[in-house]
2 protein chains.
Amino acid sequence: MVIKSRETTEQLNDIDTLVKWLASFGQSSNGGVNRLLYSNDWLKAQEALKTRMENDGLNTRYDGVGNLFGRLEGTDKNEKTILTGSHIDTVIDGGMFDGVYGIVASLLATNRLYKKYGAPKKPIEVVSLCEEEGSRFPITFWGSSNIIGKYKLDDGLNKKDTDGISILDAMETVGFDKNASTSNIRDDISSFIELHVEQGVVLEKTGNSLGIVTHIVGQRRFNIKVIGESNHAGTTPMSYRKDAMSISAQIISYIADKAKATDPDLVATVGKLNAKPNVPNVIAGEVLFTLDVRHYQDSVLDNFCNDISHYLKFISDEQEIDIHMDKWMSVEPVTMDAQLTETAKKIAKEKELSHQVLVSGAGHDAQVFGSFCPTVLLFVPSVNGISHSPKEFTKKEDLQTGVELLTALLYELAY
Amino acid sequence: MVIKSRETTEQLNDIDTLVKWLASFGQSSNGGVNRLLYSNDWLKAQEALKTRMENDGLNTRYDGVGNLFGRLEGTDKNEKTILTGSHIDTVIDGGMFDGVYGIVASLLATNRLYKKYGAPKKPIEVVSLCEEEGSRFPITFWGSSNIIGKYKLDDGLNKKDTDGISILDAMETVGFDKNASTSNIRDDISSFIELHVEQGVVLEKTGNSLGIVTHIVGQRRFNIKVIGESNHAGTTPMSYRKDAMSISAQIISYIADKAKATDPDLVATVGKLNAKPNVPNVIAGEVLFTLDVRHYQDSVLDNFCNDISHYLKFISDEQEIDIHMDKWMSVEPVTMDAQLTETAKKIAKEKELSHQVLVSGAGHDAQVFGSFCPTVLLFVPSVNGISHSPKEFTKKEDLQTGVELLTALLYELAY
């Protein structure tokens with residue numbers, strides 16, 4: 001089912017049809033969605049959302065970078081705003097649910113509360129964040145980071161897409177003033193709530209419909225270069241070799257074994273490996289591979305990475321070769337708000353919704369807000385854990401359960 | 001030192017200057033040598049050698065495919081020919097010594113014997129084999145295989161270079177009749193002697209100047225494909241993964257450990273590895289790597305490969321994934337002639353030349369002749385084991401020691 005007409009959207013009050021409706025902006029023939037920041041399809045989607053918000057009785061506005069807000073005014077003018085939503089941009093050939101689900105679920109929940117209970121005590125704002133993925137420009141969380149003041153417009157000056165267009169110039173083409181001096185910082189936000197698809201297999205494996213996130217992991221990424229000696233595969237006895245491939249294999253096995261033994265919430269991945277000269281009958285002289293390590297505690301991350309570093313030193317000494325380990329990315333873990341998390345758990349329990357706490361291994365806008373205001377992140381299952389792919393899918397009943405929890409949580413906080 | 005004039009070559013009687021002279025045909029500015037089969041530089045080198053042979057008093061002739069022979073007639077007309085030499089072709093950007101050394105050493109040894117002792121009892125022929133490397137056409141040992149009747153001209157019909165030129169058409173451009181009906185098979189050869197650079201590190205590590213080869217290894221080559229599940233590196237716990245990279249690492253470590261434990265003469269190499277999608281933050285869904293196994297005994301090769309196959313089955317069952325092991329190359333081991341090898345050892349001992357027996361891990365024309373007539377293969381050291389590179393080098397004193405052994409061996413056999 002594809003819904004194209006904006007006029008019909010007032011009648012769309014099922015979560016799955018709303019997801020499909022919003023995903024239809026930028027959808028390609030293979031079912032993938034392309035809505036890169038400040039593209040035409042991005043603008044069309046934001047504008048469609050704006051119309052829908054207005055039809056739902058929300059007061060709409062964009063901020064300076066194109067984050068879209070739909071506000072349901074509260075009766076108590078002294079209360080700060082409850083912000084709920086997610087991001088509108090996608091990766092290239094992404095899925096229908098990533099980001100979109102959190103926006104339309106927030107819209108639906110707010111609308112239902114308003115219809116049933118009238119105006120809330122505290123104002124609720126549904127937000128469609130302009131950018132999270134970093135798919136067009138080499139910067140992530142542009143939308144949420146501008147809201148909390150982590151980025152200013154100047155930070156987008158030198159961030160260019162593959163066509164050499166800067167983020168500020170692209171912004172201007174869709175109607176946002178790149179020279180605007182007004183700050184986007186929102187000092188009136190009391191909390192941020194994000195509902196998202198898990199993009200992992202944990203909920204599917206455990207059979208729970210809801211995940212209540214306690215932490216978003218920190219990450220460390222490294223390049224590890226093993227420098228051996230390239231030689232003839234036939235004429236070099238095993239005992240004379242400095243084979244960068246077999247030494248790398250030993251290291252990668254160690255990394256996997258050590259990760260399994262360290263903590264169930266620690267993950268370590270060697271996803272990329274390039275060997276030189278990479279031909280069947282020559283011993284590899286050099287192997288470069290990446291290491292991606294994630295956990296929700298800095299100390300666990302540091303201990304693990306130190307252990308790998310010591311192991312590399314040991315292998316380097318033992319084999320009399322050079323091994324380099326270079327860190328090229330470091331992101332700190334973020335803790336979700338304990339009180340909001342407890343409230344979400346309490347509601348799920350009362351409503352007998354199958355749920356669990358878990359750690360998010362992926363990054364989300366909630367990690368940006370988490371350092372700024374009380375934040376909670378809620379997950380629904382992803383079939384086969386697939387995301388960033390046209391195959392991304394979440395069952396209708398799980399989408400509905402997520403909206404049920406979000407609606408109840410907004411009621412608890414705002415009314 | 002680069003010698004260009006053919007007229008001066010009569011005066012060149014040092015092995016190192018002769019190597020440099022012959023290597024000057026097809027030499028590039030970086031010191032690499034390019035003498036692909038039936039190229040202009042290949043023809044110039046053969047013609048220069050032919051002139052030199054004639055100046056040395058040898059009777060020269062080409063056979064149908066361009067192998068060049070320089071014959072020193074024997075006094076006993078009933079005796080078969082002792083053939084000695086190596087190949088004139090090179091890999092792309094190859095070294096100065098590979099092949100060339102065996103040709104000019106044979107020329108020098110024959111010339112010295114003739115000058116000192118006159119005509120031998122048995123005829124000696126110095127051979128410059130037209131092709132061994134398989135660098136231009138997808139066929140190896142074209143020269144020696146035509147001499148022993150393993151290949152006929154028809155076998156070159158469909159072998160084309162990257163420009164689509166067949167080996168037979170290329171042959172005709174340098175003056176050899178592709179429709180010639182005469183067979184190249186030589187049924188008058190009593191033995192073949194090849195002197196070559198080791199292209200490995202064994203002699204350098206042991207400090208010996210001479211290697212007397214007992215066997216040329218057999219080879220098996222495989223593609224091994226590990227099919228796991230590609231997933232998000234952050235959201236997939238270690239216990240839920242089917243990580244093709246870490247499983248491949250475990251297999252490669254096993255292969256290296258098993259090879260070391262099996263036999264000092266067995267080598268096993270994983271030289272090439274390609275992962276999919278090969279990005280840092282995605283678990284590899286598929287890894288393809290090669291396995292090159294070599295040993296001089298079929299039974300050892302078979303047992304080792306069977307063991308690897310069983311291990312792959314075990315891992316496949318344990319991890320519940322598919323692993324495919326496909327053999328794409330199989331070459332049988334060849335044993336050098338025991339009597340010739342003993343004679344070479346006896347001479348080296350008598351002359352107090354530092355020597356050892358060893359196995360050749362690389363292929364040579366001697367493996368083609370080895371199934372046809374009594375054959376011996378002799379090595380001199382390669383500095384750092386480097387070959388197929390402009391950096392290929394063998395010290396002058398080692399080149400001389402090789403000629404000394406070859407001369408004495410030819411004397412023993414022919415006089």
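**Figure 1. Salt bridges, with a close-up of A:Asp298 and A:Arg220.** By the rule used here, the count over all chains comes to 40 salt bridges, in what is, please keep in mind, a predicted model. This view picks out a pair in chain A: the side chains of A:Asp298 and A:Arg220 meet in a salt bridge, with 2.8 Å from N to O. A:Asp298 belongs to helix 8 (residues 298-319) of chain A and A:Arg220 to strand 7 (residues 218-227) of chain A, so this salt bridge ties together parts that lie 78 residues apart in sequence.

**Figure 2. The interface of chain A and chain B.** Here we turn to where the two chains meet. Chain A brings 50 residues to the contact, and chain B brings 50 residues. Between them the chains bury about 4100 Å², and 61% of that is on carbon and sulfur atoms. On the side of chain A, the residues that lose the most area to chain B are A:Met238, A:Tyr240 and A:Pro280, which together make up 16% of what that side buries. How many salt bridges does the rule find across this interface? It finds zero between chain A and chain B. Polar contacts tell another part of the story: 12 residue pairs are in polar contact between chain A and chain B, counting pairs with both residues at pLDDT 80 or more.

**Figure 3. The side of chain A that touches chain B, element by element.** Several elements of chain A give two or more residues to this side, among them helix 6 (202-206), strand 8 (231-232), strand 10 (273-276) and strand 12 (286-295). Which element gives the most? Helix 7 of chain A does, with nine residues. If you sort the residues of this side by type, they divide into 22 nonpolar, 20 polar and eight charged.

**Figure 4. The rotation axis that relates the two chains.** A rotation of 180° superposes chain A on chain B, with 0.0 Å of shift along the axis and an RMSD of 0.1 Å. Why does this matter for reading the view? That is the relation of a two-fold axis. Among the residues of chain A, A:Ala249 comes closest to the rotation axis, its C-alpha lying at 2.1 Å. Both copies use the same surface, as 100% of the contact residues of chain A recur in chain B.

**Figure 5. A hairpin in chain B.** Strand 1 (residues 59-62) and strand 2 (residues 68-72) of chain B pair in the antiparallel sense over four bridges. To follow the pairing, start from B:Thr60, whose bridge partner in strand 2 of chain B is B:Gly70. The hairpin has five residues between the strands, and there B:Gly66 takes a positive phi near 100°.

**Figure 6. Backbone details: cis peptide bonds and a positive phi.** In chain A, the peptide bond from A:Lys276 to A:Pro277 is cis, with omega near 0°. A:Pro277 sits in the loop between strand 10 and strand 11 of chain A. Chain B also offers a cis peptide bond, joining B:Lys276 and B:Pro277 with omega of about 0°. B:Pro277 is found in the loop between strand 10 (273-276) and strand 11 (282-283) of chain B. Finally, take a look at A:Glu352, which has a positive phi of about 55° although it is not a glycine. A:Glu352 lies in the loop that runs between helix 9 (338-350) and strand 15 (355-360) of chain A.

Definitions and conventions: Residues are numbered from 1 along each chain as its sequence is written. Chains are lettered from A and ligands numbered from 1 in the order in which they are written. This is a predicted model: local features need pLDDT of at least 70, side-chain atom pairs count only at pLDDT 80 or more; totals for chains, interfaces and linings use all residues. Side-chain values use heavy atoms; hydrogens and water are left out. Contact means heavy atoms within 4.5 Å. Buried area is the accessible area (1.4 Å probe) that two parts lose on being put together, summed over both. A salt bridge is a side-chain nitrogen of Lys or Arg within 4 Å of a carboxyl oxygen of Asp or Glu. A polar contact is a pair of N or O atoms within 3.5 Å; within protein, one must be able to donate a hydrogen and the other to accept it, and residues adjacent in sequence count only if both atoms are side-chain atoms. Ala, Val, Leu, Ile, Met, Phe, Trp, Tyr, Cys and Pro count as nonpolar, Asp, Glu, Lys and Arg as charged, and the others, Gly among them, as polar. Copies are superposed by least squares on the C-alpha atoms of residues with pLDDT of at least 70 in both. Two strands pair if DSSP finds at least two bridges between them.
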